[in-house]
Amino acid sequence: MNIYRREFAIGTGAVLTTALFAQACGRAKPGPRSVNAGETLDPPIIEALRYGITAPSAHNTQPWRIELISDTEARLFMDRERLLAATDPPGRQVHISHGTLLEVTAIAATHLGYRAEIETFPDGEMAYEEFGTKPTARIRLVEVEGDAVDPLFAEILGRRSSRLSHEGPMITEDELSTLVEQARPGDLQMGLVSDEQRPEAFDIVRRAMKIEADDYELYDETRLWFRFSKREVKRHRDGLSVNTAGLTGFSAGTANMFLSSRNWHKEKNRERYLETFGKTVESTRGLLTMITPTNTMFDWLHAGRVYVRAQLAGSALGLRFHPVSQVLQEYPQMDELRPELDTLLGVHSPAKVQMFVRVGRTATPGLSPRRGLDALLV
Ligand SMILES: Cc1cc2nc3c(=O)[nH]c(=O)nc-3n(C[C@H](O)[C@H](O)[C@H](O)COP(=O)(O)O)c2cc1C
């Protein structure tokens, strides 16, 4: 079946989702893209990638470069300008952030009547210095007749991370089962921190944030990706902002560090931030762990794919995700605390906790901006 005609046949739905997507991408004036009779939508790979780039990425860096090969094929590369050199020395998190894009693109493909065949590292794995020179994946869309649309498609445009305090009940075992079922974890192990483990886990999460905030270089990386005004958000359409920082419980004075880049490292501001972060952690209704049996680049991409599927499945249940990644990170300042979490969770090398995530119900968080697809094309 011709993709363009098929899309037109479901015209209203396509237009609506495009409008929502425009909003997700932080366009100043979101609105439907008009598709008149006889006009066509863009090639399927572009339509699918338009959803793909709503995927979550660490610090919302959107570290993606996309090479279009044909109407149904593309290669994904690392954007070297968008690595997190201080907090992500091996590049593990930026690869997870590639897995998320691949999976959201694949889910969107099912809505367009295609199946996505994804070949990871088609030209082999890379050393850090080679990031961006070889593709992390090649995506090929294959037209299929009668395949079901992935139910997670419905959640793509509503998904957002939330750093707000949790409200309401704890995450249930049933909810966890639904997340696991929908996430397609394969050999990745998903679980919840137990009631007995919670106090120690909370303590580790708080100490990890303090280690990061007290280290100038590590914490400066967040400052660099922080957009301090609406104008900065509009200009960059990436990074973090006061709108998405999770400001429940902040007094006006406490938000000082979010008002100007100059305030960022001031001791008082950091203290207040850590205090508020601590309270948010205390409200946590579920702490989700995602553990791979090994820690290869393939595991990183896989973890990203599983993570975003779980987050989309959570979205359908009214659950919001907030990764608390500090303790997982490989910079030397975390070398003492990281093993404490591994011991608590019974994780032994080469197994690796890839994602550690607060999961619960929150007020509606702010929407995080995206650059347009055009900005990512090579
Ligand atoms: C690998 C990875 C690590 C992340 N780590 C953190 C984290 O430590 N703290 C946090 O607040 N958000 C974290 N996030 C969430 C991102 O900041 C968030 O996805 C991004 O800002 C885009 O926002 P959105 O998910 O609402 O679209 C992480 C996301 C990914 C994919």
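## Strands, rings and a ligand

Leu 76 stands opposite Ala 137, a residue of strand E4, and this position is a convenient place to begin reading the structure, which is a predicted model. Leu 76 falls within the span of strand E2, residues 73–78, and E2 is joined to E4 by 4 bridges, with the two strands running antiparallel. Ala 137 also serves as the bridge partner of Thr 120, and this second pairing leads from E4 to strand E3. Between E3 and E4 there are 7 bridges, again in the antiparallel sense.

From the strands we can move on to the aromatic rings. A pair of such rings is described by how far apart the centres lie and by the angle between the planes. The count for this model comes to 9 aromatic pairs. In one of them, Phe 121 and Phe 298 lie 5.2 Å apart, centre to centre, with 80° between their planes, and the pair is edge-to-face. These two residues belong to distant parts of the chain, since Phe 121 sits in the loop between strand E3 (114–120) and strand E4 (137–143), whereas Phe 298 belongs to helix H10 (residues 297–316), and 177 residues separate them. Is each partner buried or partly exposed? Phe 121 has a relative accessible area of 4% and is therefore buried, while Phe 298, with a relative accessible area of 38%, is partly exposed.

A second pair is made by Phe 226 and Phe 228, whose ring centres are 5.1 Å apart and whose planes meet at 55°, so this pair counts as tilted. The reason is that an angle has to be over 60 degrees to count as edge-to-face and under 30 degrees to count as stacked. Phe 226 is buried, with a relative accessible area of 4%, and Phe 228 is buried as well, with a relative accessible area of 15%. Both residues take part in a cluster, in which ring pairs link Phe 226 and Phe 228 with Tyr 219 and Trp 264.

The last stop is the ligand, which is surrounded by 20 residues, the closest being Arg 159, Ser 161, Arg 163, Ser 325 and Arg 370. Which distances separate oxygen atoms of the ligand from polar side-chain atoms of Ser 161 and Arg 370? For Ser 161 the distance is 2.5 Å, and for Arg 370 an N or O atom of the side chain is 2.7 Å from a ligand oxygen. The side chain of His 322 also has an N or O atom 3.3 Å from an oxygen atom of the ligand. On its own the ligand has 620 Å² of accessible area, and the protein covers 93% of this.

How values were computed:
Residues are numbered from 1 along each chain as its sequence is written. This is a predicted model: local features need pLDDT of at least 70, side-chain atom pairs count only at pLDDT 80 or more; totals for chains, interfaces and linings use all residues. Side-chain values use heavy atoms; hydrogens and water are left out. Rings of Phe, Tyr and Trp (its six-membered ring) pair if their centres lie within 6.5 Å; planes under 30 degrees apart count as stacked, over 60 as edge-to-face and the rest as tilted. Buried means under 20% relative accessible area, exposed over 50%, partly exposed in between (1.4 Å probe, protein chains only). Two strands pair if DSSP finds at least two bridges between them. A residue is near a molecule or strand if one of its heavy atoms lies within 4 Å of it. A polar contact is a pair of N or O atoms within 3.5 Å; within protein, one must be able to donate a hydrogen and the other to accept it, and residues adjacent in sequence count only if both atoms are side-chain atoms. Accessible areas come from the Shrake-Rupley method with a 1.4 Å probe; for residues, only the protein chains shown count as cover.
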